[in-house]
Amino acid sequence: MSIWWSLHLRREAASVPLARRFLLGTMETAGVDPDISFDLSVALSEACANAVEHGGDRTALEGPGDSGSVSGYGRPAADSGQYRVTAYLDGEKCRIEVSDSGPGFPARRALRPAAHSPRPEAESGRGLDLIQQLSDHVQFGNRPGHGAVVRFDKVLKWREGALLTV
C-alpha cells in the first residue's frame, strides 16, 4: 500500500504549520518512526517557508499536460498567491515536493543536486542546507517561467505493527 496527497496552499505563514501537521498526521497514522517523521516535517517546514517568502513573482503554476513538470504530473493553474505540497509514502521511501510560482532559484542552485552553501554564515540558503541535512536526497530545480521546486526523499523506518509497511 502507498499514500499520496497534494495540498494547494496560500502563500501565508499559517500554511506552513498546516502542511507540517498534515504530514505528521499521515506518518503517525501509517506507522512511520517518530524520528523520521520529525526530520521530514522540519524539512517540509523549511521548504514551505521558502515558498511563502520567495514563491510569488510569477503569474501561474503549470497547467495540466505541460511538459516542464518536474514530477511528471501536471499542475493546476494558480495565481502567485499559492504553492503546492505533494507527498508520496511508498514502501521504504517518502518523497516530498514543494513547488511555487516565484522567480526560481539563483543559477548556483537551479537544476542541480543540493550542495552545502559555500558561505555558512550567509542568511540566505540556511533552510535549504537544513533540508539537505535532514533528507537522504535533495534536488532544487526551476521550471522555466513557472517557479521553483524543492524535492527531497528519505528512507522510512516503521514502528512495530505499522499499517503501511514494505
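Phe 22 comes out as partly exposed in this predicted model, with a relative accessibility of 38%. Its ring partner is Trp 5, which is buried at a relative accessible area of 8%. The two ring centres sit 4.6 Å apart with the planes at 70 degrees, so this pair goes down as edge-to-face, the cut-off being over 60 degrees. In terms of the fold, Trp 5 belongs to strand 1 and Phe 22 to helix 1 (residues 15-30), so the contact links distant parts of the chain, 17 residues apart.

The count of aromatic pairs comes to two. Besides Trp 5 and Phe 22, there is the pair of Trp 4 and Tyr 88, which is tilted, with 6.2 Å centre to centre and 45 degrees between the planes. Here strand 1 (residues 2-10) supplies Trp 4 and strand 2 (residues 82-90) supplies Tyr 88, so parts that are 84 residues apart in sequence get tied together. Trp 4 is partly exposed at 46% relative accessible area, whereas Tyr 88 counts as buried at 17%.

Turning to helix packing, the axes of helix 2 (residues 34-54) and helix 3 (residues 126-134) come within 9 Å and cross at roughly 155 degrees. With the cut-off at over 145 degrees, the two helices are therefore roughly antiparallel to each other. The crossing is left-handed. On the helix 2 side, the contact is made by Asp 39, Val 42, Ala 43, Glu 46, Ala 47 and Asn 50; helix 3 meets them with Gly 127, Leu 128, Leu 130, Ile 131 and Leu 134. By class, that gives seven nonpolar, two polar and two charged residues.

Conventions
Residues numbered from 1 in each chain as written. Predicted model: local features only at pLDDT ≥ 70, side-chain atom pairs only at ≥ 80, totals over all residues. Heavy atoms only, no water. Axes fitted to C-alpha atoms, helices over the stretch in contact; angles between N-to-C directions. Helix = DSSP H or I, 4+ residues; strand = E, 2+ residues; numbered from the N terminus. Parallel < 35°, antiparallel > 145°, perpendicular 65-115°, else oblique. Left-handed = near helix turned anticlockwise from the far one by under 90°. Contact = heavy atoms within 4.5 Å. Nonpolar A, V, L, I, M, F, W, Y, C, P; charged D, E, K, R; others polar. Phe/Tyr/Trp six-rings, centres within 6.5 Å; stacked < 30°, edge-to-face > 60°. Buried < 20%, exposed > 50% of the residue type's maximum accessible area, 1.4 Å probe, protein only.
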